[in-house]
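Here is a short report on a protein and its ligand. Look at the model before reading on.

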Amino acid sequence: MEEITALAKRRGFIFQSSEIYGGINGFWDYGPLGAVLKRNVKDAWWRDTVELRDDVVAFDSSIVMHPLTWKASGHVDAFHDVFVDCKVCKHRFRFDHLKDASSCPDCGSKNSFTEPRSFNLMMKTFVGPMDDTSSETYLRPETAQGIFVNFKNVYQTARRRPPFGIAQIGKSFRNEITPGNFTFRVREFEQAELEYFVPDDGNDMDVFREWVERRKAWYASYGIAPGRLRFYELGEKERPHYARAGVDVEYMFPWGWGELESIAHRGTYDLDAHMKLSGKDLQFFDEASKTHYTPLLIESSAGMDRTTLTFLIDAYERETSDDPNGKTTERTVLRFHPKIAPVQVAVFSLARNKPELVERARTVEGSLRPVWRTQYDEGNIGQLYRRQDEIGTPFCVTIDYETLADGSVTVRSRDSMLQDRVPADRLEMHLRERL
Ligand code: GAP
């Protein structure tokens, strides 16, 4: 994990937020490569969950909502964590994370904890110029509620009838007591949530299973190691009383299994809660049978920061190999799926100070740029390959003196490290076949 964190900083994937002021615990910034990586992860989710489905519509709700939203959802009354402080070393722990509640895991002191205290995880804010309780509300701790309160607006305007889904990706905030494990547990993060509404016609569990399978296929299609991913079926005691089924998607992180996504059958709980508190009707009106009913809800809620971190960790490899002269070489490589890789094709000029090579390389890079995410670089080819391996670029194209003579270029594969000589007019096709 230390190596990955160092690489993420060195290569511009992830930086500590407000680093020049000493950072702020639980907040991170995505650098030039990290921002693209995360966008690619979100796009991959959006493509599969929204664009490729004719039964899912897009949504984008506000981060700050009417405070009663959070009363109805249960977050005001029940979104609490319990923590204790060690009186000796002053470290704070989430009570439910402690294996042994009698001795401090950091300093080893016995019976040094304060009484457990409960803490609401929602971040408070004030709306308007008066910072009194009348203007108090929260930054949303999940994006889902924006969808529930708009259920009627959406089904009426998009002319949808259950079964259909509403999806959105957006920021959520939780005042986590112990943020940590890099970007795994943070206080500001992005969620990708699908709320899929179904009629109560006896097929709801089949729909739940279909979404679990779809999400399984999604992770597999981006090459996440199957042995490090599990779909943990929650038992009756592990899920909220209203949930009829639940599956947690978990990844084996360097520190153990961690949740990436929760898929849940939430019954009518959320719409019922908002109807009760607002007094407004959020039922579906079926024109054909002239009946009103509250649809059941299947939810898939994935953390985009955790998924991005998973792609980074899963791709990371330190590899040693023996060259034909018996010399052992080591390289660090990120084996990103080509669709996820921040840079897909890097184009190099063999030399920095040869204008004809530089110009040719820039032309080639410019011709590939509309098709893939490309990057131009120049200099020592060995060093350039190492840098591109470290950022996970699947292919590198080198322009050399032979290119000037016969138009051919060298294409080098990140994974096999093999090099092909390819005629310039075949380059795009060559890359297309491999990407
Ligand atoms: N609407 C359902 C919901 O929010 P959740 O299990 O509380 O369910 C869903 O959150 C996902 O959001 C988690 O699986 C995780 O990936 C992400 N998430 C939650 N809290 C997070 C945090 N503090 N830091 C990073 N991601 C978090």
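This is a predicted model. Start with the ligand. Its surroundings hold 18 residues. Those that come nearest are Glu 142, Glu 176, Val 186, Glu 193 and Glu 259.

What classes of residue make up the shell around the ligand? Nine are charged, five are nonpolar and four are polar.

Strands contribute to this shell. β10 (188–198), β13 (256–267) and β16 (296–303) each supply at least two of its residues. β13 gives the most, with four residues.

Next come some polar atom pairs between ligand and protein. The table lists three of them.

| Ligand atom | Protein partner | Distance |
|---|---|---|
| Nitrogen | Phe 184, polar backbone atom | 3.2 Å |
| Oxygen | Gln 191, side-chain N or O atom | 3.0 Å |
| Oxygen | Gly 303, backbone N or O atom | 3.0 Å |

Phe 184 uses a backbone atom for its pair. So does Gly 303. Gln 191 uses its side chain instead.

How much of the ligand does the protein cover? On its own, the ligand has 560 Å² of accessible area. The protein covers 90% of that area.

Now turn to the protein interior. The largest nonpolar core has 52 residues. Within this core, Phe 13, Trp 45, Leu 312 and Phe 336 have the most contacts. Another core lies apart from it and has 18 residues. Among them are Val 347, Val 358, Leu 368 and Leu 427.

Terms used: Residues are numbered from 1 along each chain as its sequence is written. This is a predicted model: local features need pLDDT of at least 70, side-chain atom pairs count only at pLDDT 80 or more; totals for chains, interfaces and linings use all residues. Side-chain values use heavy atoms; hydrogens and water are left out. A residue is near a molecule or strand if one of its heavy atoms lies within 4 Å of it. A polar contact is a pair of N or O atoms within 3.5 Å; within protein, one must be able to donate a hydrogen and the other to accept it, and residues adjacent in sequence count only if both atoms are side-chain atoms. Accessible areas come from the Shrake-Rupley method with a 1.4 Å probe; for residues, only the protein chains shown count as cover. Ala, Val, Leu, Ile, Met, Phe, Trp, Tyr, Cys and Pro count as nonpolar, Asp, Glu, Lys and Arg as charged, and the others, Gly among them, as polar. A nonpolar core is a set of buried Ala, Val, Leu, Ile, Met, Phe, Trp, Tyr and Cys residues joined through side-chain atoms within 4.5 Å. Buried means under 20% relative accessible area, exposed over 50%, partly exposed in between (1.4 Å probe, protein chains only).
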